[in-house]
Amino acid sequence: MTYFLVQLAAMSLQGVFMVCVVLVLRKICGVLHTAKRQAAALWLIPYFFLVFPWKIQVPGGFWDGAPVWAALESYIGQDGALGKSGQDASGTTRIPSASNGQEGGLEEVFNSGGFSSSLPGGFFTQGNDAGRKSGSGKQNAFGQAQAGSQQAGRFEGIWTVAKAAPFLLAVWAAGALFFIFRGAAAYWRLKRFVRYHSIPAGQDTACYVDSLPVPMAFGYIHPRIYLPSGLEQAYEPYVSAHEYTHIKRNDAVWKTAAYVVSSIHWFNPAVWLAYAVLSTDLELACDEETLLRIGLDKKKEYATALLHLAAGKEGLFAAPPAFGKGDIKLRMKHIMHCRKPVRFATVLSAAAGIFTACVFLTAAEPKPGHTAQGEIMPKDNTSSNAAKMETGQHTLTLEMFQEAVAAQAVGQMDFHRFTNGSKGSYDAYAMNYALNFDLEYKDEAYRLSVSYEKSTDQLQDIYIRRLSDAEQAWLYTTQLDYLEGKDLPAKKDGRGGAYLHGLQAFLDTKRNVGDWLSVKLKKGYTLGSYQADLGEGGGALIYPKAYEVKAGGDFVPKNWMYSGFIGRFPGAGNVFPFHNGKIGRSVETDHSFWSIWMPNHTTVEDAHILEDGTADKGWTVIMAHFDHDLYTAADLAELEMQGVPVDSLETTSGYWYFYFVKEGEEDAYYISLSDKEFSKKEAIATVRSVKMV
């Protein structure tokens with residue numbers, strides 16, 4: 001909502017500037033005696049800027065920087081909630097300013113493409129430069145000068161406005177709805193009036209209406225001309241010609257659209273001024289076009305009809321164009337001095353209007369090698385994104401972190417400055433806390449966790465976790481003592497830290513059941529996506545669900561409740577030993593032995609080598625039947641106390657298990673199939689369709 005209010009204010013400020021520009025151009029058109037319809041057409045320019053914030057970025061464009069949301073997106077969440085993701089280590093929303101020695105936040109709205117992007121250069125930047133020059137001169141972690149006290153006071157005020165965003169939004173909405181409903185009510189009242197009080201005037205599109213103060217053209221789809229029933233016959237041709245011109249020019253549509261935009265910006269007096277002047281220009285253009293059609297020699301008669309009907313003038317907010325409204329003195333003067341527009345002046349003014357519109361539709365591109373504030377980026381071995389990260393960019397992306405890793409600059413980063421980090425939930429007695437960043441890379445979601453020591457606020461460790469399969473990698477640490485004596489691929493960065501697992505290797509490697517084996521499931525069953533937190537070493541569920549746990553049973557893994565599971569069994573050599581090429585041979589005695597690994601709350605029966613299980617690539621298949629408890633004894637006792645008929649519950653889930661083992665392979669793989677969904681024969685047939693990768 002703060003984003004919307006700031007964007008609305010930015011467009012309204014643009015509108016003030018463009019209204020001033022059009023008033024100047026309108027005056028020039030009057031001096032050059034151009035057609036009045038061109039003066040009216042100029043008002044399309046400010047109304048466009050009041051509705052559409054987009055600009056075309058070109059070198060040397062008129063406006064500064066990108067649209068206003070480009071700066072706000074780093075501070076305001078995607079849903080428009082101010083500071084939702086911008087929290088510091090204490091969990092409170094950070095509003096960096098000169099007062100706390102940090103840069104960023106709403107300061108960047110002004111300095112890096114915020115309001116300054118919505119106004120020409122210098123509107124706000126001079127004040128910011130003054131504040132920067134009068135600052136304390138202190139340097140931040142990346143050598144930037146801090147903003148002065150003038151900025152701090154300004155941003156505190158902005159934060160006050162941001163906190164009042166719900167109230168301000170309610171006030172704006174109430175005002176906009178008031179004006180829109182007022183205009184709509186006036187329209188429907190008039191429509192009802194003319195419907196019940198009009199009679200045909202002998203023309204297809206004209207009617208007489210009793211008690212109508214002024215003639216008018218009314219309606220949008222099928223407009224008609226409504227004349228006062230007491231209108232003198234001598235004035236009727238001029239009045240009808242005027243209203244017909246309004247219909248031909250679609251003035252009612254243009255004026256209504258302008259009224260709606262003015263209602264949206266009801267708080268801006270310049271917008272209502274533009275609406276009033278536009279209404280006058282529409283009338284002047286209509287008068288001019290009508291006189292050119294009926295003949296300039298009819299000026300006196302036309303002006304007399306206008307003066308006669310000028311007593312009933314409409315208010316500023318009346319909906320339809322009417323013959324006797326507007327600035328009568330100005331219209332009379334224009335009518336009496338009306339002449340055929342000078343063609344050259346008309347073409348020249350049209351070209352000037354088009355050129356002006358094109359100029360104001362452009363925004364300047366950031367200069368290469370400069371930040372949005374105009375400061376030169378540091379010239380080091382970092383690429384553009386990493387440099388932005390060090391010079392005021394406040395939304396961390398995975399691409400930026402990749403480049404920081406490549407430049408070995410991770411240990412020098414202050415992750416608190418990035419507003420899309422949120423504090424992790426840790427035990428109150430924990431010695432550290434974490435900032436978590438939800439990031440994306442190649443359509444994958446990741447969570448980057450940066451651990452800090454509570455007492456010193458020093459960086460400790462950085463982990464990354466892929467959300468789709470729960471795989472995690474330890475990327476960076478400053479706890480070098482912990483690495484001593486451990487076989488970890490650590491690479492010290494010379495700055496008191498060390499890189500561990502490779503980031504790019506982790507990003508490029510994603511486990512998939514298809515990397516292990518392929519299987520043909522019987523009709524009606526599908527294989528889900530890989531999840532690293534299932535089973536002993538990750539795997540994929542076979543859908544649909546076969547067992548339900550009504551209450552309790554919080555310990556029950558998902559793979560004990562679905563139709564089946566394909567998983568990885570890490571370190572299987574200890575469970576399924578090989579000797580002399582055969583499974584289950586003891587080195588000492590050469591006697592046959594092996595045992596199925598059995599988790600808690602599980603019983604195993606009928607474990608044996610499945611003959612002809614698969615002849616694919618030398619893998620051996622071991623088959624067994626498992627029964628898993630779906631409730632603990634405590635769960636069942638509690639359910640009984642609650643009156644639940646325990647005897648009616650399925651308290652165990654039964655599965656056929658098939659382990660795929662091979663000498664020399666570090667891991668084994670297995671398939672479990674529910675004995676409710678698969679008979680023994682069907683389970684064996686399914687396993688025999690397996691092809692190992």
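This is a short walk through a predicted model, from a nonpolar surface patch to a strand residue and then to the aromatic rings.

Let's begin on the surface. V24, I28, V31, L32, F344 and L348 form a nonpolar patch there, and together they have about 590 Å² of accessible area. Two elements, α1 (2-32) and α14 (343-360), each give two or more residues to this patch. Helix α1 gives the most, with 4 residues. If you would like one residue to look at, try I28, which is placed in helix α1. Its relative accessibility is 43%, so I28 counts as partly exposed, the class that lies between the 20% and 50% limits.

Now move along the chain to K545, which you will find in strand β16, residues 539-545. With a relative accessible area of 35%, K545 is partly exposed. Which residues does K545 contact, once its neighbours within four places in sequence are left aside? They are M561, Y562 and S563. It is also worth locating S674: the C-alpha atoms of K545 and S674 are separated by 9.7 Å, while the two residues are 129 residues apart along the chain.

The aromatic rings make a good next stop. Across the whole structure, a search finds 38 aromatic pairs. One of them joins W266 and F267 in an edge-to-face arrangement, at 6.0 Å centre to centre and with 80° between the planes. Both partners can be placed by their accessibility: W266 is partly exposed, at a relative accessible area of 22%, and F267 is partly exposed too, at 37%.

Set beside that the rings of Y655 and Y657. Their centres are 6.5 Å apart and their planes stand at 75°, so this pair is edge-to-face; the angle needed for that class is over 60 degrees. Are these two tyrosines buried or exposed? Y655 has 0% relative accessibility and counts as buried, and Y657, with a relative accessible area of 4%, is buried as well. Because buried means under 20%, both values fall within that class.

Y655 and Y657 also belong to a wider group. Ring pairs link them into a cluster with Y547, F565, F569, F576, F626, Y659 and Y670. One member of the cluster, Y547, has a lysine over its face: K676 lies there at 4.6 Å from the ring centre. To finish, look for a similar arrangement at F678, where the charged end of K522 sits over the ring, 4.7 Å from its centre.

Methods: Residues numbered from 1 in each chain as written. Predicted model: local features only at pLDDT ≥ 70, side-chain atom pairs only at ≥ 80, totals over all residues. Heavy atoms only, no water. Patch = residues over 30% accessible without salt bridge, like charges linked within 9 Å, V, L, I, M, F, W, Y side chains within 5 Å. Areas by Shrake-Rupley, 256 points an atom, 1.4 Å probe, with all protein chains shown as cover. Salt bridge = Lys/Arg side-chain N within 4 Å of Asp/Glu carboxyl O. Buried < 20%, exposed > 50% of the residue type's maximum accessible area, 1.4 Å probe, protein only. Contact = heavy atoms within 4.5 Å. Phe/Tyr/Trp six-rings, centres within 6.5 Å; stacked < 30°, edge-to-face > 60°. Lys NZ or Arg CZ within 6 Å of the ring centre and 35° of its normal.
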